[in-house]
Amino acid sequence: MVKGRVAALQVGSEATTQKTLEKILSFEQALAKEELDLVVIPEATLGGYPKGCSFGSFLGYRLPEGREQFLEYFKQSVKIPEGEEIRVLESFSKKINATVAIGVIENGGSTLYCSLVYIDPKLGYVGKHRKLIPTASERLIWGSGDGSTLPVIESKVGRIGGGICWENYAPLFRTAYYAKGLDVWVAPTVDTREIWRVSMRTIAYESRSFVISAVQFQPAVSEEKTPIGWEKGVNLINGGSVIVNPMGEIIAGPLLGEEGYIVADIDLDDVIRARFDLDPVGHYSRGDIFKLTVDESPKGVQFTK
């Protein structure tokens, strides 16, 4: 029997990565008192999710000011694992004595990636996942990940893994991770809608694992900064973090309209109980009919002499 305590920290990005780090650290004492085993922090928290930004791009042409905007955005990205921000997160993880899964905009050289970074309280940095396919106009600023970053992290609350925002909607991606035997599925996002929370319940019920979805919160901005087509005075990202059990029931959250965190106690025996009648990659898989091949080799240009 393995029991644990998990949390979703609902925060939004600040103007700089340094200020965002300071905000995360401001929760350190409160989270330490919760005696947690795992904390999930939203998509693109470090580096930022520039909601509503166009980067001066139109079909067939791009404006010079968009290139400057991208340059400024790029400067807030994080080198993984060598960045100083990772060292700060390692200290944070150690002080709260919990594994941390956090959304980071990764500096991949000259390409940015929307990544999920895992920090162990004893081992420090233990892995990352790059979002396989950015959604819609996100593809303008982020590259696509490959199968080489599909880690499973061993923790005090079992095997952890998962996806970033809408890649969770890719059925074969989910199946590939189900086959890795996850106990806890993490889903950092910026999707604040009710349908997202319904999806998290579906994934928990389908995988028969716990699901933790941490959502950013970004308040409304001034009228002149309100994105085109966005209702004035409405929060840019309204939160909605949830924790769901293996039977698809929300056991914490949703937290809406503010920053903060939610906490739940979990029992991994509930995973086994739930898979009694449905194990999507076990007795319910029909592996004699269906097969999934996953290429986990790194992609990109390979230089050889």
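**A walk through the predicted model**

Trp166, Tyr169, Ile195 and Val198 make up a nonpolar patch on the surface. Together they offer about 340 Å² of accessible area. The model is predicted. One member of the patch, tyrosine 169, sits in the loop between strand S9 (158–162) and helix H5 (171–178). Its relative accessibility is 32%, so tyrosine 169 counts as partly exposed. That value also clears the cut-off for patch residues, which is over 30% relative accessible area.

Stay in this loop for a moment. Glycine 163 also has its place between S9 and H5. Is glycine 163 buried or exposed? At 0% relative accessibility, glycine 163 counts as buried. Along the chain, 99 residues separate glycine 163 from isoleucine 262. In space, their C-alpha atoms are 20 Å apart.

Now take the wider frame. An unreviewed UniProt entry lists residues 2–268 as "domain: CN hydrolase". The end C-alpha atoms of that span lie 5 Å apart. Helix accounts for 23% of the span, and strand for 32%.

Another loop runs between helix H2 (28–33) and strand S2 (38–46), and leucine 36 lies in it. Leucine 36 has a relative accessible area of 2% and is therefore buried, since buried means under 20%. From leucine 36 to glutamate 154 is 118 residues in sequence. The distance in space is 15 Å, C-alpha to C-alpha.

Next, the charged side chains. How many salt bridges does the structure hold? The structure holds 21. Some of the residues involved are linked further: Arg5, Glu34 and Asp265 belong to a network of salt bridges.

Helix H4 (residues 84–96) carries one pair, glutamate 90 and arginine 87. These two residues are three positions apart, about one turn of the helix. They form a salt bridge, and their closest N and O atoms are 2.8 Å apart. Arginine 87 has 33% relative accessibility, so this residue counts as partly exposed.

Helix H7 (residues 269–274) holds arginine 273 and aspartate 270, again three residues apart, about one turn of the helix. Their side chains meet in a salt bridge at 2.6 Å, N to O. The two partners fall into separate accessibility classes. Arginine 273 is exposed, because its relative accessible area is 52%. Aspartate 270 stands at 30% and is therefore partly exposed.

Glutamate 72 and lysine 75 give a further salt bridge, with the closest N and O atoms 3.5 Å apart. Glutamate 72 has a relative accessible area of 43%, so it is partly exposed. Lysine 75 reaches 52% and so is exposed. The line between these classes is drawn at 50%.

Finally, consider a charged residue without such a partner. Aspartate 120 lies in strand S6 (residues 112–120). Aspartate 120 is buried, yet has no salt bridge. Which side chain of opposite charge is nearest to aspartate 120? Lysine 122 is, at 7.2 Å. A salt bridge needs nitrogen and oxygen within 4 Å, so this pair does not qualify. What does the side chain of aspartate 120 reach instead? The backbone nitrogen of leucine 123 lies 2.8 Å from that side chain.

Technical notes
Residues are numbered from 1 along each chain as its sequence is written. This is a predicted model: local features need pLDDT of at least 70, side-chain atom pairs count only at pLDDT 80 or more; totals for chains, interfaces and linings use all residues. Side-chain values use heavy atoms; hydrogens and water are left out. Patches are made of residues with over 30% relative accessible area and no salt bridge: like charges are joined within 9 Å, nonpolar side chains (Val, Leu, Ile, Met, Phe, Trp, Tyr) within 5 Å. Accessible areas come from the Shrake-Rupley method with a 1.4 Å probe; for residues, only the protein chains shown count as cover. Helices (H or I, at least four residues) and strands (E, at least two) are DSSP runs, numbered from the N terminus. Buried means under 20% relative accessible area, exposed over 50%, partly exposed in between (1.4 Å probe, protein chains only). UniProt positions are given in the numbering used here, feature names are shortened, and annotations may be inferred rather than shown by experiment. Lys and Arg count as positive and Asp and Glu as negative; His and the chain ends are not counted. A polar contact is a pair of N or O atoms within 3.5 Å; within protein, one must be able to donate a hydrogen and the other to accept it, and residues adjacent in sequence count only if both atoms are side-chain atoms.
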